[in-house]
Amino acid sequence: MADILKGADVVDSINKKAITQVEALKNKGVTAVLAIVRVGEKADDISYEKTAIKRCSAVGVAVKSIVLPENVKQDELMQSIVELNNDDCVHGVLLFRPLPAHLSDEAVRLILKPEKDIDGITDASLAGVFTGSNNGFAPCTAEACMEILDHYNIDCKGKRAVIIGRSLVVGKPVAMMLMGRHATITVCHTRTADIEAIARNAEILIVASGQSESITKDYLSEGQIVIDVGIHWNEEKGKLCGDVRFDEAEKIVAAITPVPGGVGTVTTSVLVSHVVQAAVKSTDNKEYLRHDFNR
């Protein structure tokens, strides 16, 4: 039977580091602040907002919520982002997406400062992931995958890593991050030929297909590490499930993340840690500028 790569242990490790950083910030008179921008009253957004607020509270991060009506105009949304960009007390901005159809997602992404883009949605943040620079932050779900691999001491160097899914939220950024750890990468998608054989050849398999329980035993082989990013509601079974058929995978692979309790659990803690890191960077930059000015 496979080892279960539980997210709770990873969350504890992330939170301990964040709490230490928050305390150091408070000693300097700084409170890390996350601004959440929500348009409308979508149930999924509200649920995630509550989870984010709870996780922030657990490590000492303050939250500022900006709730805009469903029919908000583009210029009003843009003005809200500009105000948060210019607010030195706000260190991170989380914008719930997708936005309503009448709003331009691209326009908002272009205007948000990358240093406050704690969910890796701006072009500048994604460029930082692809170049390996420290500009902005990686998408939280992609980084959550890496945090799990790191926590369980899974060495990526020289490993064959296959990613199923090529989105900018998971597939593409996690491919770049794995390449940064010296893994050999294959990215699969809906037009990939003989995808089952490619997946079976993987030593590390990261699944972000977006299709409920679409990865069967035909995609799997002994000794694999499987990171299941998906989360879906299975009406027939009356419970949450992932992109991977867990009951089949558990009998074959060496280790796998559960759903729920895996990647999704870690993702929110990564988000909070990004806010703390953004606050640390902002404070360090201000201290450097004051020091340089007074020389």
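User: Which way do Ile204, Leu205, Ile206 and Val207 point from strand S7, and are they buried or exposed?

Analyst: Start with the general idea. Side chains in a regular strand alternate between the two faces of the sheet. Now the case here, in a predicted model. Strand S7 covers residues 204-207. Ile204 and Ile206 point one way, while Leu205 and Val207 point the other way. All are buried.

User: Which strands pair with S7, and in what sense?

Analyst: Strand S5 (residues 160-164) runs parallel to S7, joined by 4 bridges. Strand S8 (residues 225-228) also pairs with S7 in the parallel sense, over 4 bridges. Follow isoleucine 204. Its bridge partner in S5 is alanine 161. In S8, the partner of isoleucine 204 is isoleucine 225.

User: Now the pockets. What is the volume of the largest pocket, and which residues are closest to its centre?

Analyst: The general idea is a rolling probe. A probe the size of a water molecule, rolled over the atoms, shows where empty space is left. Here the largest pocket has a volume of about 1300 Å³. It is lined by 44 residues, and Tyr48, Thr141, Val169, Ile231 and Thr267 are the closest to its centre. By class, the lining has 21 nonpolar, 14 polar and 9 charged residues.

User: What lines the second largest pocket?

Analyst: This pocket has a volume of about 430 Å³. Of its 21 lining residues, Val129, Ser133, Ala138, Glu143 and Met177 are the closest to the centre. H6 gives the largest share of the lining, 4 residues. The classes are 6 nonpolar, 10 polar and 5 charged.

Conventions:
Residues numbered from 1 in each chain as written. Predicted model: local features only at pLDDT ≥ 70, side-chain atom pairs only at ≥ 80, totals over all residues. Heavy atoms only, no water. Buried < 20%, exposed > 50% of the residue type's maximum accessible area, 1.4 Å probe, protein only. Helix = DSSP H or I, 4+ residues; strand = E, 2+ residues; numbered from the N terminus. Pairing = 2+ DSSP bridges. 1 Å grid on protein atoms, 1.4 Å probe; cavity = no way out; pocket = protein on both sides within 12 Å on 5 of 7 lines; lining within 4 Å. Points joined across faces, edges and corners; volume = space filled by probe spheres on them. Nonpolar A, V, L, I, M, F, W, Y, C, P; charged D, E, K, R; others polar.
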